[in-house]
Structures are given as C-alpha cells and as structure tokens.
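Visitor: I would like a close look at one part of this protein, taken slowly. Could you pick a single helix and walk me through its surroundings?

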Amino acid sequence: MPAGSNSKRERQYEHVKEGARKRGASAARAKEIAARTVNKERARTGEAATASRTSTEGASASARGGKRAGSRMGPRGGPTRDQLYNEARQRGVRGRSSMTKQQLEKALGR
C-alpha cells in the first residue's frame, strides 16, 4: 500500500489487487497494478505531494471505465491470433500453424 494513504485508498488498493489476481496476474504484478492505480488517483485528487503531468491530465481510470483495456487487441477485439494459437496448441488442434485468426476461432468453437 502506498505511504500516506487513507482508508478509502486502502480499500481501493485491495479491490484493484484482487481484481488483477482474478484476471490471472501474479501476486507481485497485482500489487504493482494496484499501487500504480492508487498513486495515480491520489495524484489526480491532490492527495499526493507530487504528480506528473500525465497523472493529472485526461480522463481518470474510473471515468474511462475500461475503455482502453482492449486497445492492444485491434479493432476486432477479443484474443489475438497468438493467444488463439496457444490455446489451439494446448487442445491439440491439427493444422493450427497455417490457420488464420478466423480459422483458429472456428476450430476452437468461438
């Protein structure tokens, strides 16, 4: 938990940490995500002694509501081809190496 926090930020830290763990992040990564989130919110509201420009400009994470969460996945959304390929490999799908993303989705029943 970041130093100088209040009980609200402690609850937020635990909530974000638990959410990250449920999504499959390691314990260390979950702590990092939670600490960064809380520190950024503290900077936005003036609770922190210092704040970077990027911490105080733009929409807050809570206001965005996850709008940027899948931006790395392209316009179509969903898992990437590499993620689908790895799942196909785990399930033993034959011919997966030459399949497109759409073909992998079909082979995996998506």
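Guide: Gladly, and one cut-off comes before anything else: a residue is called buried when its relative accessible area is under 20%, exposed when it is over 50%, and partly exposed in between. By that rule Glu14, with a relative accessible area of 34%, is partly exposed. Please keep in mind that this is a predicted model.

A little context helps. The protein has six helices and zero strands, and along the sequence its pattern reads α-α-α-α-α-α. Of its 110 residues, 24% are buried. The part to look at closely is helix H1, which covers residues 7–22.

Let us begin with its length. H1 has 16 residues, and at 1.5 Å a residue these should span 22 Å; the C-alpha atoms at its ends lie 23 Å apart, which agrees. At the start of the helix, Asn6 brings a side-chain oxygen to within 3.2 Å of the backbone nitrogen of Lys8. Just after the other end comes Gly24, with a positive phi of about 100 degrees.

Now turn to the faces of the helix. The buried residues of H1 are Arg9, Gln12, Tyr13, Val16, Lys17, Gly19 and Ala20. They cover an arc of only 160 degrees around the axis, which puts them on the same side of H1. On the other side, Arg11, His15 and Lys22 are exposed. Part of the cover over the buried residues of H1 comes from H2.

Two of those buried residues carry charged side chains that are worth following. Side chains of opposite charge can pair when their charged atoms come close. The structure holds six salt bridges, and one of them joins Arg9 to Glu47, with the closest N and O atoms 2.9 Å apart. Arg9 belongs to helix H1 and Glu47 to the loop between H2 and helix H3, so this pair ties together parts that are 38 residues apart in sequence. The two partners differ in cover: Arg9 is buried, with a relative accessible area of 4%, while Glu47 is partly exposed at 34%.

The other one is Lys17, whose side chain meets that of Glu14 in a salt bridge at 3.6 Å, N to O. Here both residues sit in helix H1, three residues apart, or about one turn of the helix. So within H1 a buried residue, Lys17, is paired with the partly exposed Glu14 from our opening definition.

Lys17 also leads us to the neighbouring helix. Its C-alpha atom is 8.8 Å from that of Arg29, which is 12 residues away along the chain. Arg29 is found in helix H2 and counts as partly exposed, at 40% relative accessibility.

As H2 helps to cover H1, a brief look at H2 rounds off the picture. Helix H2 runs over residues 27–45, and its 19 residues should span 27 Å at 1.5 Å a residue; its end C-alpha atoms are 27 Å apart, which agrees. Its buried residues are Ala30, Ala34, Val38, Glu41, Arg42 and Ala43. After H2 comes Gly46, whose phi is positive, near 85 degrees.

Terms used. Residues numbered from 1 in each chain as written. Predicted model: local features only at pLDDT ≥ 70, side-chain atom pairs only at ≥ 80, totals over all residues. Heavy atoms only, no water. Helix = DSSP H or I, 4+ residues; strand = E, 2+ residues; numbered from the N terminus. Expected span 1.5 Å × (residues − 1). Buried < 20%, exposed > 50% of the residue type's maximum accessible area, 1.4 Å probe, protein only. Arc of directions from axis to C-beta. Contact = heavy atoms within 4.5 Å. Polar contact = N/O pair within 3.5 Å; in protein donor to acceptor, adjacent residues only side chain to side chain. Salt bridge = Lys/Arg side-chain N within 4 Å of Asp/Glu carboxyl O.
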